[in-house]
Amino acid sequence: MHDIRAIRENPAAFDAALARRGLAAASPAILALDEDRRGKILAAETAAAERNRASKEVGAAKARGDEAEFERLRALVAEKKAEIARLTAEAAAEDAALGDMLMWIPNLPHAEVPDGADEQGNVEIRRSGSPREFDFKPLEHYQIGGVAKAMDFETAAKLSGARFVVLSRGVARIHRALGQFMLDLHIDEHGLTEMITPVLVRDEAMFGTGNLPKFAEDSYQTTNGWWLIPTAEVTLTNTVAGELLDAAALPIRMTALTQCFRSEAGSAGKDTAGMLRQHQFEKAEMVTICTPETALAEHERMTACAEAVLQRLGLPYRTIVLCTGDMGFGSQKTHDLEVWLPGQNSYREISSVSTCGSFQARRMNARCRAPGGKPEFVATLNGSGLAVGRCLIAVLENGQQADGSVSLPAALHPYLGGKTRLTAEGVLA
């Protein structure tokens, strides 16, 4: 969440950061509640001191036979005890209200983030590769002859409803190959540690990464209270929840290939054709836990790891930095990678890489300490490396041929048993 001490010390800076996100000033309400809470805590401490003094004097009054003073002091002790209980309960309620108020406020943007109201304010950093020149009109992925035979939306709808897909034959194997290729690249060349984590988590884990309470409607919850993860960011990041880490052991860099589940509650009517936006999808996630002073350098490193996947696959893409109005709730700074999709004649998001600073660490109470130093909250970063389904779309669309076949990237050939293309019949050859 947010450091209440920092808000007390510089409320104007806090409100200015919120204004960059297009939000109204929040410090007056926060500080008013905080001041009242602290006042009650102080009053309870004062009452406790008065009770303790009176308690010591009760015995002395009894010993000297001063019944009137004895009764007065005993009544005072009882009065102060009730007062302490009332003030403590009120302070606890206000502390909970303050926590609730803070948990709904998004992360503050880093000074490097460009200002902007929406995606129109995003800034392109660089491009890699040039879109291929086709001598025919390129199709969207699900329209390509060899793909259409192995990408079944009707059967998926019979099984589960809209925004699901059944993959088969060559397309299913390309999908599997992409996930394994991503993992191997991140583990063998980028030095990330592979993890296999649950896809069902408790409330606390979703809260720690900022998915709760604000985005409950975007996720799926089981009848016994578990949540299906929207991304392995939730599990990987929460591996350090409640921990005091040795700063010398940082950074911790992890990756996991998991199924992800999103209700897409806020995307009604968007990308309904094909498999660009699904309720269930697979993603290779990257998470880094590091010291705050190294977070920006780690952000650049993680972005490069995600870019390397696209580079090895020969896919044209661009890297943009999101503006303040388009950043995610928990992000301090975000890079988006957008891959070229010739079927849509546009760049589409395939990865978001974010540094969250200490925002998630505060929610999880994850800290580190250098020898002889004081504990401090760690910094957390997360990024897609990449979304497998969207990468499959990009591979199919960029490699499509006029006869309905698809030429596949050389990086995938070892994962496909030496096969180099998807035929117009939907099989590998």
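Rings of Phe, Tyr and Trp count as a pair if their centres lie within 6.5 Å. With that in hand, the aromatic side of this predicted model is a good place to start.

**Aromatic rings**

F215, F329 and F359 come together as one aromatic cluster. Across the structure there are 5 aromatic pairs. One of them joins F134 and F136: the ring centres sit 5.3 Å apart and the planes meet at 85°, which is over the 60 degrees needed, so this pair is edge-to-face. F134 has 18% relative accessibility, so it falls under the 20% cut-off and counts as buried.

W340 and Y347 make another pair, with 5.0 Å between the ring centres and 65° between the planes, so they too are edge-to-face. What about burial here? W340 is buried, at a relative accessible area of 12%, and Y347 is buried as well, at 13% relative accessibility.

**Two helices side by side**

Now for the helices. A packed pair is described by two things, the angle between the axes and the distance between them. For helix α3 (residues 27–63) and helix α4 (residues 67–103), the angle is about 160° and the axes are 7 Å apart. Anything over 145 degrees counts as roughly antiparallel, so that is how α3 runs relative to α4. The crossing of α3 and α4 is left-handed. And what sort of residues make up the contact of α3 with α4? They split into 22 nonpolar, 16 charged and 2 polar.

**A small sheet**

Next up is an open sheet of 3 strands, in the order β8-β14-β15, with mixed pairing. Which strands stand at the edges? Those are β8 (244–246) and β15 (376–377); each has a single partner strand, so one side of each has no neighbour in the sheet. Strand β14 (residues 367–369) runs antiparallel to β15, and 2 bridges join them. Within this part of the sheet, C368 stands opposite E376 of β15.

**Backbone oddities**

A few spots in the backbone deserve a look of their own. Two peptide bonds to check are cis: the one from L250 to P251, with omega near 5°, and the one from G385 to L386, with omega near 15°. Where do these bonds sit? P251 belongs to the loop between β8 and β9 (252–261), so to speak on the way out of the edge strand β8. L386, on the other hand, is part of strand β16 (residues 379–387).Then there are two asparagines with a positive phi. For N345 the value is about 55°, although this residue is not a glycine. For N365, also something other than glycine, phi is near 55°. The table puts their surroundings together.

| Residue | Phi | Location | Relative accessibility |
|---|---|---|---|
| N345 | about 55° | loop between β12 (333–341) and β13 (346–355) | 57%, exposed |
| N365 | near 55° | loop between α11 (359–364) and β14 | 38%, partly exposed |

The loop that holds N365 leads back to the small sheet, as it lies between α11 and β14, and β14 is one of the strands in the order β8-β14-β15.

Conventions: Residues numbered from 1 in each chain as written. Predicted model: local features only at pLDDT ≥ 70, side-chain atom pairs only at ≥ 80, totals over all residues. Heavy atoms only, no water. Axes fitted to C-alpha atoms, helices over the stretch in contact; angles between N-to-C directions. Helix = DSSP H or I, 4+ residues; strand = E, 2+ residues; numbered from the N terminus. Parallel < 35°, antiparallel > 145°, perpendicular 65-115°, else oblique. Left-handed = near helix turned anticlockwise from the far one by under 90°. Nonpolar A, V, L, I, M, F, W, Y, C, P; charged D, E, K, R; others polar. Pairing = 2+ DSSP bridges. Phe/Tyr/Trp six-rings, centres within 6.5 Å; stacked < 30°, edge-to-face > 60°. Buried < 20%, exposed > 50% of the residue type's maximum accessible area, 1.4 Å probe, protein only.
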